[in-house]
Amino acid sequence: MKKYLNVAKTTFNDSIQYATSIIFRIGGFTITMLILISLWNFIYSGNDNLINGYSLKEMIWYLLLAEIITFGSGSKVATNEVKNCIKSGNIAYQVTKPYSYPIYVIFKFIADTFIRFIIFLLVATTLGLIFAGPLETFNIQTLIISIPVFFLAVLITGMTRILISLSSFWVEDSTPFQNVYSKIILIFGVFFPMEMFPSIIRTIVRFSPIYGVSYGPAKLVISSSFTLFKEVILSQIIIIIVISILISIVYRKGARKLNVNGG
Amino acid sequence: MKAIEVKKLSKTFKSKTKEKGLKGSIKAIFKPKYQEKKAVNKISFEVEKGEILAFIGPNGAGKSTTIKMLTGILFPTSGEISVLGINPHKERKKLAYKIGTVFGQKEQLWIHLTPYDNFKFFGAIYDIPEKIVERRIEEYKQIFELDEFINTPVRGLSLGQRMICEIVASLIHEPDILFLDEPTIGLDPVIKEKIRVFIKRLNKEKKTTIFLTSHDVGDIEKLCKRVIIVNNGHIVLDDSMENLKYHYLNKKIVEAKMNTKINLDDVDGISILKDKDYNLKLEVDLTKKSISDAIKLLDPDKIIDINISNTPLETIISNIYKETKE
Ligand SMILES: Nc1ncnc2c1ncn2[C@@H]1O[C@H](COP(=O)(O)OP(=O)(O)OP(=O)(O)O)[C@@H](O)[C@H]1O
Ligand SMILES: [Mg+2]
């Protein structure tokens with residue numbers, strides 16, 4: 001365990017060096033958010049109607065909160081780094097080290113995500129306060145129950161991305177799969193809360209990881225519901241267990257057939 | 001216990017082949033054809049603790065594949081391996097604490113961090129107390145004169161500086177065996193020499209067993225007492241450096257500067273390698289002729305200067321490569 005904390009510490013140290021690059025992504029994030037906010041404003045067209053139970057304010061907050069997770073967990077550690085490590089054969093070094101490579105990457109991912117996540121959190125909250133105003137139901141209890149839920153949401157995103165990247169043991173390029181994952185999350189989790197979909201899709205979303213990585217956390221903040229908290233946490237834990245098992249199987253299979261290229 | 005024991009070790013790679021052009025690509029998707037390549041073919045050898053072994057062979061001979069199996073990276077197709085009594089692919093982690101690996105063509109360092117931070121990191125990975133890590137870094141700093149760049153992020157280092165840091169990073173846990181796969185590739189003679197001196201010292205002071213592959217004859221000649229030559233996945237020679245150098249070919253080179261031009265023809269056992277103006281270069285096959293035969297042939301009275309030497313190791317090795325090409 002101590003060595004993995006060291007991995008995290010070293011990554012943190014490493015990521016500070018290029019933290020400035022995140023500043024540029026904030027620009028893109030802000031512009032995307034402003035476009036979507038004005039889109040919702042247009043759809044609601046100034047009246048106080050609810051759409052599928054969401055007021056305009058709630059809808060904007062939902063969007064922002066869900067986006068914090070997708071943008072905040074966009075660290076390259078879980079995507080390109082794993083892929084390149086496998087493709088270049090540098091994985092050879094990782095295999096000869098006294099740690100488990102998947103756990104090593106997970107800790108790296110968490111540490112690399114830390115600063116980035118906080119930055120996006122601050123930017124999104126500011127946007128929310130300006131363009132939607134504070135949520136009346138939000139209180140200290142909401143804050144406390146949100147912390148573990150958001151943490152697990154980021155962790156699940158990272159682990160899913162690592163799982164997808166591990167396909168590089170077999171396929172030439174895992175990036176298209178990453179893109180498909182991003183699009184699915186964006187459409188079924190971020191842009192529209194699941195209440196907006198027909199009931200079949202709603203059910204699928206409810207029992208898919210989307211529930212744990214975007215709908216659950218975002219809805220939790222809006223509703224401040226303790227019942228929802230229990231449901232979300234439970235489904236997140238189940239997802240994490242399933243993904244852990246998958247990562248471990250896929251990694252073991254991959255390492256077994258590993259044909260380190262070059263040299 | 002031996003440092004390394006290998007019995008009938010083989011590795012076969014299966015790779016997809018593809019006919020040329022778009023048609024070939026489409027065909028390859030639906031009906032992939034596989035080609036088998038026996039990269040390592042039933043090799044057996046042993047390495048004693050404290051030995052420095054050169055494991056050499058032409059490109060594609062199977063050297064890297066062997067190292068990767070010995071370090072637990074690749075799973076063998078068949079055969080047995082024991083490294084310090086451990087089966088590498090069954091107990092990778094346990095083995096990891098006891099061996100170090102350097103691949104001249106791969107990278108393990110964190111490029112945004114300084115060598116110092118990197119060394120600290122690798123120390124922690126092996127559960128070594130910070131105090132000891134610091135002491136070891138200090139020691140390596142002296143040996144390799146790291147002062148100049150120990151606080152420069154790795155991305156800013158030259159190839160040679162980086163390679164030295166790669167080696168130090170692989171040694172921070174003081175492994176019993178160090179595997180080096182072409183550690184001096186692309187480096188200048190000064191740094192090469194520094195690395196050789198260091199490896200030698202490491203072997204002497206810490207009794208580290210060294211398993212080295214290199215295409216640089218200097219590395220092999222200056223470091224190793226024993227050589228294993230592989231070709232096409234087979235071991236074609238396993239002998240001491242001395243035997244290889246002095247007895248394998250049983251040939252000597254005689255170079256002479258004459259005061260008049262003399263005309264020579266090849267005789268059985270003495271062949272003329274060079275005959276230019278007053279300079280002659282002969283190769284004497286000691287199984288057929290002696291050195292004095294060669295000197296007599298030249299006519300001793302006409303010799304201004306003479307130099308008798310062994311066949312260069314480089315030539316010996318390339319001859320073995322050629323002879324064993326199948
Ligand atoms: N991942 C792989 N897939 C298919 N064939 C491979 C793979 N890796 C190596 N080979 C083949 O196995 C043979 C041995 O390769 P290896 O890398 O062990 O050679 P080497 O002795 O290290 O050569 P070099 O001196 O060029 O580094 C080569 O013919 C190579 O093409
Ligand atoms: Mg090689």
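Reader: How many salt bridges does the structure hold over all chains?

Author: The structure holds 31 salt bridges over all chains. Side chains of opposite charge can pair when their charged atoms come close. The term denotes a side-chain nitrogen of Lys or Arg within 4 Å of a carboxyl oxygen of Asp or Glu. This is a predicted model, in which local features need pLDDT of at least 70 and side-chain atom pairs count only at pLDDT 80 or more, while totals for chains, interfaces and linings use all residues. Residues are numbered from 1 along each chain as its sequence is written, chains are lettered from A and ligands numbered from 1 in the order in which they are written, and side-chain values use heavy atoms, leaving out hydrogens and water.

Reader: Which residue of chain A forms a salt bridge with B:D127?

Author: The partner of B:D127 is A:K3, and their closest N and O atoms are 3.7 Å apart. Between chain A and chain B the count is 1 salt bridge.

Reader: How many residues of each chain are in contact, and what area is buried between chain A and chain B?

Author: Contact means heavy atoms within 4.5 Å. By that rule, 32 residues of chain A touch 33 residues of chain B. Buried area is the accessible area (1.4 Å probe) that two parts lose on being put together, summed over both. Here it is about 2900 Å², with carbon and sulfur atoms giving 60%.

Reader: How does one look for empty space inside the structure, and how many cavities of 30 Å³ or more are found?

Author: Rolling a probe the size of a water molecule over the atoms shows where empty space is left. A cavity is a set of points, on a 1 Å grid over the protein atoms alone, where a 1.4 Å probe fits but cannot get out; lining residues have an atom within 4 Å of a point. Grid points are joined across faces, edges and corners, and a volume is the space filled by probe spheres set on the points. The search of the whole structure finds 3 cavities of 30 Å³ or more, and the largest cavity holds about 60 Å³ of space.

Reader: Which residues line the largest cavity?

Author: The lining consists of B:E139, B:Y140, B:I143, B:F198, B:R201, B:L202, B:E205 and B:K206.

Notes
1 Å grid on protein atoms, 1.4 Å probe; cavity = no way out; pocket = protein on both sides within 12 Å on 5 of 7 lines; lining within 4 Å.
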